[in-house]
Every structure is written in C-alpha cells, then in structure tokens.
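Me: I'd like a close look at one part of this model, the sheet in the second chain, strand by strand. Could you start from one pairing and work outwards, then tell me what surrounds it?

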Amino acid sequence: MLFPTMTFALFFVVVLGVSWKLNDRPTDWKLFVLGASYLFYGWADWRFCFLLSASTVGNWVLAQAVFRARTDARRKRWMLLAVGLNLILLGFFKYYGFFVESALSVLEPLGLAATPMLIKVALPIGVSFFTFCAISYVVDVFRGHQDTVSLLDFAVYLSFFPHLVAGPIVRVSEFVPQMNERPGGQSVDVTRAVRLICRGMFKKVVIANFLATAIVDPVFVAPGQFRNWELLVGAWAYAVQIYADFSGYTDIAIGIALLMGVKFPDNFDQPYSARSIQDFWRRWHMTLSRWLRDYLYIPLGGNRGGPNGEYRNLFLTMLFGGLWHGASWTFIIWGAYHGVGLVAERRHAVSVEARWLPTEDAELQPRDNPDETKVMQRATPTVVSTETMNPWLARLLVFHFVVVGWIFFRSTSITGALEYFWGLITNWGVGTLVTPVVLLAIFVGMIGQFIPRRIGDALEYRASQLPPIIMAIGVGVFLLAINLLGPQGVAPFIYFNF
Amino acid sequence: MNQTRSAQPRRRPRRVRRTQSAETVWKGLVVSLIVFVVLASGNMVASAEGMPLGWQRTLAVGTSAVIDRLTNLVSLNRPYDWAAEQLGVEQDNADFEFPVVAGPDAEPSVTTTTMPAVRVPTAANPLKVVVAGDSTAKALGDMLKSSVTDIPELSITNYGKVSTGLARSDYFNWGARMQEIVATDSPEVTLFMVGANDGQSILEGDGTVVAQYGSADWEEQYRERIAGIMDLNQGNGRRLIWVGEPNVGKGNVQEAVQTGNRIAQEEAKTRPWVTYFNVAALVAGPDGNFADYITLPDGTTARCYAGDGVHLSVKCMNLVMDSLVPVLTGLYSTSPGP
C-alpha cells in the first residue's frame, strides 16, 4: 500500500479514528495497530507477513535469552546468534542472486561452472529496515542500554506501518515508551503533521515523479545516446529525485505517526547544504547513519586504534552502508567512494586542525549519543571546509562529490556508470531533455535545502492559528493541486527496493 | 546594572503552535478527503477504472461514479477538469473500437503476398521507427535507441507507456493511441509489444466488461485487439514488427503472455506487413520455458530478468538487440555494393 493513494487514505481514516478511540486502552491500541500494520504490509503480498512475524518472534526470543543469560560469554553468544540469523535472513533475500552471479562470473571462465540452485528470490519490501530495527533491539539489550519489552510491544514496534517499509530506523527506546504512555487526545500537533505530509507529497508526487519520467529514467537507461548537458542535468535531477523521493516518504511517515501521537526522529536535514562529506552524512538518512555508527562503526573500534584504525573502520562502515542498499557492485562502489571521500576529508581535516582549529570543540562531538563520546574522543572537525574555503564553494564541491556517487548508485551496472561518465566528457551538446520545466523542478527541489528553518516554522505557526475547517479545506485543495501537477500513476518509492 | 540589562538582546517570546484534539484532527482528515474527492471526481472515476477487476474496483467505480454525477450537477468538478485539460493531464481517449476479425483459420484479409520493399533510408532522411506498447516496450525502445546510435539511418521514437496493454481500454486505449500515432508520425516501421499486463478481463473504453478473463470469449476479444493494432499499421508500405513478450516468472501473467504471443503469431502469418519477433525463444531456459538465469551465447550465465520476473535485465535486453537490430535493418538492407 503506497502512501499517496486513495486506498491508503481510506485505510488511514479508519485507523486514525479507531486508534484515538482506543487511546485510553493501551493493550487494545497495540493489538489494533498491530493488525492494521500487518494489513498494510500484507496488502501487496500477504505471504511476507509470515516473514515479518517470524523475525518478530525470533528476535524477541533471542533478546530474552540475551537478557537472561547468566554470564557475559553466554550473553554475547546469544547476541551473536541473533545478529547472525538476521544477517542470514537479509543476505538470503537480498544478496542471494548477487553472490550466485558473481561466483559464476568467476568460476565459469575457469571451466569450474557449478550448478547452484538458480532460484528466483523475491525481495520482501522493507526487509532491510525491520531487520536493522531488530538488530538494534537485541544489541541494545546486550549492551544493557535497553530492557526487554513484551512480545506485543516488540511486534508493534517492528511492524508499525508508518516506518515499516522505508524507515526512519527507530529504536525501541524511542518507540515503546510512547506506546505505553499514550499522549492525551487533546493536543495533537496537527500543523506540524500536515506540513510534513503536504511537503512529502509534493516532493514525491510532483518533483520526484516528474524528474524520473522527464529525464532521469531515459538518461540512465541508455547514457550513450545523450548529450553531455542532458547527462549533467540528468545527474543533478537524480540527486534531487532521490532526495525528494526518500525524504518525501519519511516526511509523510513522520507526519502520519505524529497524527497518531507517535514522534519519530528526523531523517533528513537539508543534506545538499552540507559543507563537508561528513556533514552530508549527518544530514542524509540520519537514522541509518546513526545505526551504522552505533552498531557497526563503534563495534569495529570507532576511532580507537589510531588514525589508521579509524580510517579503516570508517571505510568499512561506508562500504557496508553501500552494500546495505542492494546486491550490486554499483552500490558497493558507491559505498567505497564515500568511504574514501570521508577518509580523505578526515585526513585533510586533521592536518588543518593541527594548524588552525582549537583542540576542544563541543560542536564536533556526536550529537545524539553522548554515551559513545569515549569511543569518538578525538574531535572530528566536521566543518573544516568552512574554515578554509568559501562556504558556497564548499557546498558546491560537496554536492558534486555526492552527485558523482549518485551516478554509480543509479546506474544499472558499472559499465553503465562508466558509459555515463564517458558521455559527460565526450558527447558535447545540449540535447532535447534539458527543458525549462526540468530545470525549474531541479531548482524547486534544491531551493528547499537553503530556506532557513525559521521561515517554515513561522508559516507553520500562522497555519496553526487557522480554524480547523479552513485548514482541512486547504489541505484538500493542496492535495488536488499535487494530483494535477504530478504525472499520472504513483511510482513506488525508491527506498522500497532497499 | 541597568546598563548591563539593556545591553542584553531581548528574547523574543517563543510562539507555541496551536494543537487540536484528536477528534478534530480526524474530522479534518475526513473533510480534506471529501474536498479532494468532490473536486476531482472525474479523476477518481478514471483512477477507479484503472484498478484490477474485483470487488474493490466495482465498489470504487460505483462510488466514484455516483460522486462524479452529483458533483457534475453543481459543476464542482469543472475547475479540476478545466485545469487538467490545460495541463494536458487527461488522456485523449478517443472512442475507438477494435474491428471484428475472422480468426486464425479464416482466409487472409489481404490477398497481396509480397510487400513492396522499404525505401533505403539515409542519414539525412532516416527511417521513421516507432516503438509502442507497455513498459516492456518502453524498455525495448530505450535500449533500441542506444543500440542504433551508430546507425544514423534509423530514427527511433519511443511511445511505450507503463502499466498499459490491450485488455483495458478503459485505462489506456492503445487502439486510439495507435491511430493517432499513425496519423501524426507516419511511421515507416512500428514495433509493438504488449501482454504482460493483459492477464485480466477485457474492457471497453467506457468501462464495459466485454470478456471475463478465463472465459471462452476472452481469447476471441483479445485476438480482435491484436489484429486491430496490426491492421492500423497497414498501408503506405508501413511495416509492423510485433515483438512477442518473453516468458515471465509469474504464473497468472505467463498464461496471458503465452496466449497473446500465440495469437500474435497466428495473426501475423495472415498479414504480409507484419513480422513476428520471438523474444521468448531468445531468452528461454534449456527447456524452452521461463528461466531466471540463462546461458548467453558467449557461454556465461546471466540473470535474465529484473527482480519482478517480467522485465528483462540489461544483459538479456542486449541479447534481444543483437537479433532485433538486424531484423530492423534487414527491412531495407541492400546487397553490399562494389
């Protein structure tokens, strides 16, 4: 079930109404939301509900085992078993075909063609997201950061439909307390929710869908046939499209959850206004970056073990982040590319820091997990670019560094990506796909990155003063305008594939 | 002391957003949806008609049609319809009915057994080639464009449209669209590829169900539509390459695809201007059926389909191009000169 559809709208009218009716009865509320979430998830293919429920029960049981184990060694064993099983689940559904094909491409030239079980494995929507949520729960229990929760609480946490299929990746500690201490039904932050939902719908339905059909899909299918301006604008357009698509989805998800009285963490913070690569990763898919930091970078050693250890861990974290996005060499290269970029930037920053920056800088500490500052003790100069170069030049450079990465990310193969780059420097000309409307859509998508937050907040405040009926009619008309401006049909969200 | 106090910037009082009760929020949501549905009732009917057949569609079509009629009485849907027309959102779904055809065993409708040769194109005056059909055609067209960049004698225009087919004229009428393409573009060669979305009942443009999927009438009605597309491409020396769908990895879709391919082959035999291009044979597994992985001519194994088991991967699309481009250029190729 896709958010920007009438089917979802009708589903949500019912769910929202019943949810608030049951607000004073937490157990009933949880059971109802659990049922609604499974209906939402099973709408496209009910068989995946079995996978979700198996993951729920399995992880809950293993977390209980971690919690009850008497020795640290046993606790660790149970935790490793849980993480291993989750990775096997993820690996089977997501990477089976990739590994089989890669192995065959190596074996066949050597005359060692094996006959693996060449079966087609359907990718269950959202499997990466709920698997990561499950891992975070088990590891948090192991670390003593999280008490175990009831099976019902865990099942609702994992399946809660606003974040089930494409995040944000929420932690149990952020979600379960909100279920058990339901907010009163008298003060719903409707203006913030409406702002998020309308903004998300506009980004997804108008900007992302338009750019996809107008320029991105054609240039990435066959880059060899397009002129270099088409390819350049196509790459910019994809940067805007993927941002509009994914942040649009999370805006809607956060807004919907807010209407139900549940607050999610932010997932995007004007990422293309970043002035360094590290700054970009603190603004892009923030909940995944946080997850990778807490459950991969830090267990790998974080920045303990000297600069070389830190660079290795950083690189490996980004490499895994790339692989998480999908079973393709293009994603691995994309992750490695960002890893190399971050390492290079860190090395450069450290050398600049030694010359220019103060050694203590509170801003440079991890933002939202102060417990881990011990591991990340050495200041990480995130904004070194602003200290050494014009901020707009820094933004321009970082944006284009990211755009180059997106070309790998979007291309169907490495050959396709190389063909794209080759076309950028050889196929001189403007072409026909670069139109004023395409440029306008890119401009609209980008300008949102630089509008000060206070302007949005001021508008939100003014909107909150409107009579509810006027606000409701305004929302209806706004949705109408989106429906008119967007291409026909609703394309699936890009991140459903991940 | 006073001086110090006045030097400090005055803090602006924090403006607190007004919140609403859950009941008001719910009522607001309902009002928003009613506003949307009433003002865009025509669009709602079209969206409902595009749904797969079943009780959900019946309910959606019935409900939205009633709302549309009511809003039409008071002209509430006019602004949306006007804006949609101005923005070119509405599909020009001209009334088009596929003509009745005689069936595979009947005498050929055309007595001519040979076709005049396709003119030899030049780079200055390339052969006008149109690709049309569903999303598989769209991908085919995109790939064809990139495959013939070194053949300036071919000019490819891609009209492939996702989620379309021949069964649901209420959603997208390929008969009307093909008539329009022939009239406006005058293609010299048309490549047409559909079938992956046609495993469903056949509907007219107005939503009338003319044949339930699986019924005896379905094949007859589907044959009329295939033949109709072929006949629209007759005349002026125009050629049609009917590109058959590959076998697909979804049981219900595969049945429709196989039936469609068979009918297209049968109908092509009776029409000299039509060539049937058999993609399914090119990308089949060792047993001739669907296989997610196939062995390519160079001996390597490749995954042949995208994740949905319907659309071909780039590797297999390239395989198709290796055979399709010679068919295309073969239409006009002359013997190599001295």
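Reply: Happy to. Let's begin with β6(B) and strand β7 (residues 274–277) of chain B, which pair in the parallel sense over 4 bridges. Keep in mind throughout that this is a predicted model. To place that pairing residue by residue, take I241(B): its bridge partner in β7(B) is T275(B).

Now turn to the other neighbour of β6(B). Strand β3 (residues 189–193) of chain B is joined to β6(B) by 4 bridges, and these two strands run parallel. Here I241(B) turns up again, as the bridge partner in β6(B) of L191(B). I241(B) is thus a handy reference point, with T275(B) as its partner in β7(B) and L191(B) paired to it from β3(B).

How covered is β6(B) itself? Strand β6 spans residues 239–243 of chain B and is mostly covered, with 5 of its 5 residues buried. The side chains split between two directions: R239(B), I241(B) and V243(B) point one way, while L240(B) and W242(B) point the other way. Residues of both groups are buried, and the charged-type name in the list, R239(B), is among them.

Stepping back to the whole sheet, 5 strands of chain B form an open sheet in the order β2-β1-β3-β6-β7, with parallel pairing. The edges are held by β2 (154–158) and β7 of chain B, each with a single partner strand, so one side of each has no neighbour in the sheet. From one strand to the next, the twist averages 20°. As background, strands of a sheet pair through backbone hydrogen bonds, either parallel or antiparallel.

At the β2(B) edge, strand β1 (residues 127–133) of chain B is joined to β2(B) by 5 bridges, and the two run parallel. One residue pair to look up there is V131(B), whose bridge partner in β2(B) is N158(B).

Two helices are worth adding to your view. Helix α7 (residues 174–185) of chain B lies across β1 and β2 of chain B and runs at about 165° to β1(B). Helix α11 (residues 314–330) of chain B lies across β1, β2, β3, β6 and β7 of chain B, and its angle to β7(B) is about 165°.

Chain B also meets chain A: 43 residues of chain B are in contact with 48 residues of chain A. On the chain B side, the elements giving two or more residues are α2 (22–39), α3 (41–49), α5 (78–87), α6 (135–147) and β9 (301–303). The largest share, 13 residues, comes from α2(B). By class, this side of chain B has 19 nonpolar, 17 polar and 7 charged residues.

As for that partner, chain A has 20 helices and 0 strands, and 46% of its 498 residues count as buried. Among its contacts between residues at least 6 apart in sequence, 75% join residues at least 24 apart.

A word on confidence in chain A, since you may want to use the coordinates. The mean pLDDT of chain A is 82, and 84% of its residues reach 70 or more. Among its elements, helix α6 (residues 151–159) has the highest mean pLDDT (93) and helix α15 (residues 384–388) the lowest (53). Over residues 116–121 of chain A, pLDDT stays under 50, and the model has 11 contacts beyond four places in sequence for them. Residues 492–498 of chain A are also below 50, with 17 contacts beyond near neighbours in sequence. Where pLDDT is low, the predicted coordinates should not be read in detail.

Methods: Residues are numbered from 1 along each chain as its sequence is written. Chains are lettered from A and ligands numbered from 1 in the order in which they are written. This is a predicted model: local features need pLDDT of at least 70, side-chain atom pairs count only at pLDDT 80 or more; totals for chains, interfaces and linings use all residues. pLDDT is the predictor's confidence in each residue, from 0 to 100. Two residues are in contact if their C-beta atoms, placed from the backbone, lie within 7 Å. A residue is buried if 20 or more other C-beta atoms lie within 10 Å of its own, exposed if 12 or fewer, and partly exposed in between; C-beta atoms are placed from the backbone. Two strands pair if DSSP finds at least two bridges between them. Axes are lines fitted to C-alpha atoms, for helices over the stretch in contact, and angles run from 0 to 180 degrees between N-to-C directions.
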